[in-house]
Amino acid sequence: MLTNTTKSPFSKVSPLPWNAVNWTRGFWADAFTACAGDTVPHLQSMFEAKDISHVVENFRICAGEAEGTFDGTNFGDGDFYKWMESAMYSAAKNGNQELLDQLDDYIDLIGRAQLEDGYISTKQILGERQNNGIARLGDINDFEVYNFGHLFTAACLYKRITGKENFLEIAKKAAVYLDQMYQDNAKNGEVQTAVCPSHYMGLIEMYRTTGDKKYLELAKLAIELRDSVKDGTDDNQDRIPLKQHDKILGHAVRSNYLYAGVADLYAETGESEYKEMLDKVWRNLVDKKIYITGGCGALYNGTSPYGNFFIDQKIHQAYGYEYQLPNITAYNETCASIGSVFWAYRMFQADPKAEYFDIIERTMLNVNLAAVSMDGKKYFYENMLRRAKKLDYELIWPLERSEYILSYCCPPNLARTIAQSSEYAYTVSDDTLWMGMYGASRSQIELPCGASFTLIQDTNYPYDGNISFHIEDLKYASPDHKTPIYLNVRIPGWVENGTITIGGETNICLTQNDSQTYKKICINPDTVSDVTVSFDMPARLSTAHALVEETNNQAALERGPLVYCIESPDADVETLDDLLWKLDAEFTPVAYTIGGRDLAALEGDVYRINREEYNRDSLYQTLRYHGMSTTHIRLIPYFAWDNRGFGEMKIWMPVAYK
């Protein structure tokens, strides 16, 4: 969920209006088209299906318009609200009035299902009505407050896009109920921490949308009450007071949603202790616990690596120890990586450093897009970095993408994130436009200083490092007061060489010292209308910290912001385990098509180990070396894997140091 911080006093940059940027062609335009044309209608059919998710049917039963009992997941309501965000955004962008009308029908249905006191969570409404022992606010893992939070954000986005109040009125009623709950908690001391706390972001967005400070105060109270939880756990990040957090730990989705919400609160209040805490936890994540793909939350199940080991601290989809980053069993739930994008985006607005958009771009282009098939209709819940031919154990989730998975939170979360991807292109400060994610686009820019213009970005990024910007129709609120404006060009952290050309004349040479910074380019309204950026984009081998045990003496191949992998169809070997990198090999971009989508693969030579007298089933054996030969392979962007049938996949391979 993106956020509107235009008037947030402690945000140094602000987003543009929702419709200011439109992808025109290329990578992100293709991703948006697939999302709007395939993923959004596919998800709608899943939510409508009584025998699959049962989500819409639950609302109909609550509204008294159908017979039956609750079915599906506890968090199905919230997942449906996330889908509504993707639907309203893509429908408005594409002028799909039929879908907008359907959304109004869904909103009316949700309103009819809502109770008079504002409560809205279908499992509990039906449980109490049918007297089956299920009641509201008894178990945090029933996800009621999570459902509320996604209702808030969807309602605010609907108001932002359409100007209509109907969804927002439902959200306001729900917020009244939530406020009473938290006020009671504060009085009686019986406090529970809501899991996957989407409502922190949701309530602050309610404040930004309505201007009513009561929503900000409610969010502040909800966050402060975390410190009053009795017998808190690292699973919910409530074992120690919030301001004392200095490491990322516990359930990855809960962590990232929590810190994104606290970053929203900081943008409104400027409470320095929260910002200091966020900076510490962020550093722990990006320096020691994030995958090369941007995935996070490495462990299926774990125990807290901190605190008292004699207390039950079992944690699902957990952040483990520093550098604990397995490959085959990597969990990396899609919602966790999406949550890290939300968090990074808010950190950037508070403190606009290029590293935050490096993480956003790495995550969006690699692990997030890997979670959906090229046809937009199959999904990963977890995102491994290696798939073996066979395993002697069963993992929790399928090894291939599935059309429907029981925990269906990730597909609609991913859909809304891709649908809203154009909002990650730019942010603004007084007289400056800041570059975020690069992609061919046409944008209507209005700067707070009063300047407005059309900006055309043309590029084949992320497959090509050449990006051109053309400014048209530069106007000023006061025509007699023409002052320079600025483009803050983001230099990604992988850049080692490049140039910036201004007005066809001025060249700025980029070196490794410029990586992960911004270059401020002055645009004189009388002389400059074009800026061209060229980032050299050679393929490169990347290594991990020595304490990442599974990648010791191994490397991964990257080009620009993309991580590449190798699958079984890409090498003529019995198993990918026989391949090693050649340090002197050159990898060349080649055009390749997967699932009807054009992409840039890489081709080059690697070593193949000769495996004579080697027992592949033996746990240990004598090492016998029979030499190596050279073989030609192809690598594809990680996001495109698992679209050509079942087989092996690897990102990391051993390096032959010879």
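## Where domain 1 meets domain 2

Domain 1 and domain 2 bury about 1500 Å² between them, and 59% of that area sits on carbon and sulfur atoms. Bear in mind that this is a predicted model. On the contact count, 17 residues of domain 1 touch 19 residues of domain 2. Measure from middle to middle instead, and the C-alpha centres of domain 1 and domain 2 turn out to be 33 Å apart.

For orientation, the domain assignment splits the protein chain into domain 1 (25-424), domain 2 (427-535) and domain 3 (550-656).

## What holds hands across the interface

Let's look at the charged and polar pairs. The rule picks out three salt bridges across the interface of domain 1 and domain 2. If you want to find a salt bridge on screen, go to Asp-358 and Arg-490: their side chains pair up at 2.8 Å, N to O. Polar contacts turn up across the interface of domain 1 and domain 2 as well, with nine residue pairs found, both partners at pLDDT 80 or more.

Which helices supply at least two residues each to the side of domain 1 that touches domain 2? They are helix H1 (26-48), helix H12 (334-350) and helix H13 (354-370). H13 gives the most to that side, putting in eight residues. As for chemistry, the residues on the side of domain 1 that touches domain 2 break down into eleven nonpolar, five charged and one polar.

## The stretch with a UniProt label

UniProt, in an unreviewed entry, marks residues 433-537 as "domain: Non-reducing end beta-L-arabinofuranosidase-like GH127 middle". How much helix and how much strand does the span 433-537 hold? It comes out at 0% helix and 58% strand. The C-alpha atoms at the two ends of residues 433-537 are 24 Å apart.

## Two backbone spots to check

Here are a couple of places to zoom in on the backbone. The peptide bond joining Tyr-461 and Pro-462 is cis, with omega at about 10°. Where does Pro-462 sit? You'll find Pro-462 in the loop between strand E10 (451-459) and strand E11 (466-476).

The other spot is Asp-231, a residue other than glycine with a positive phi, near 55°. Asp-231 belongs to the loop that runs between helix H9 (213-224) and strand E3 (250-251).

Terms used
Residues numbered from 1 in each chain as written. Predicted model: local features only at pLDDT ≥ 70, side-chain atom pairs only at ≥ 80, totals over all residues. Heavy atoms only, no water. Domains from an automatic or database assignment. Contact = heavy atoms within 4.5 Å. Buried area = accessible area lost by both parts, 1.4 Å probe. Salt bridge = Lys/Arg side-chain N within 4 Å of Asp/Glu carboxyl O. Polar contact = N/O pair within 3.5 Å; in protein donor to acceptor, adjacent residues only side chain to side chain. Helix = DSSP H or I, 4+ residues; strand = E, 2+ residues; numbered from the N terminus. Nonpolar A, V, L, I, M, F, W, Y, C, P; charged D, E, K, R; others polar. UniProt positions renumbered as here; feature names shortened; annotations may be inferred.
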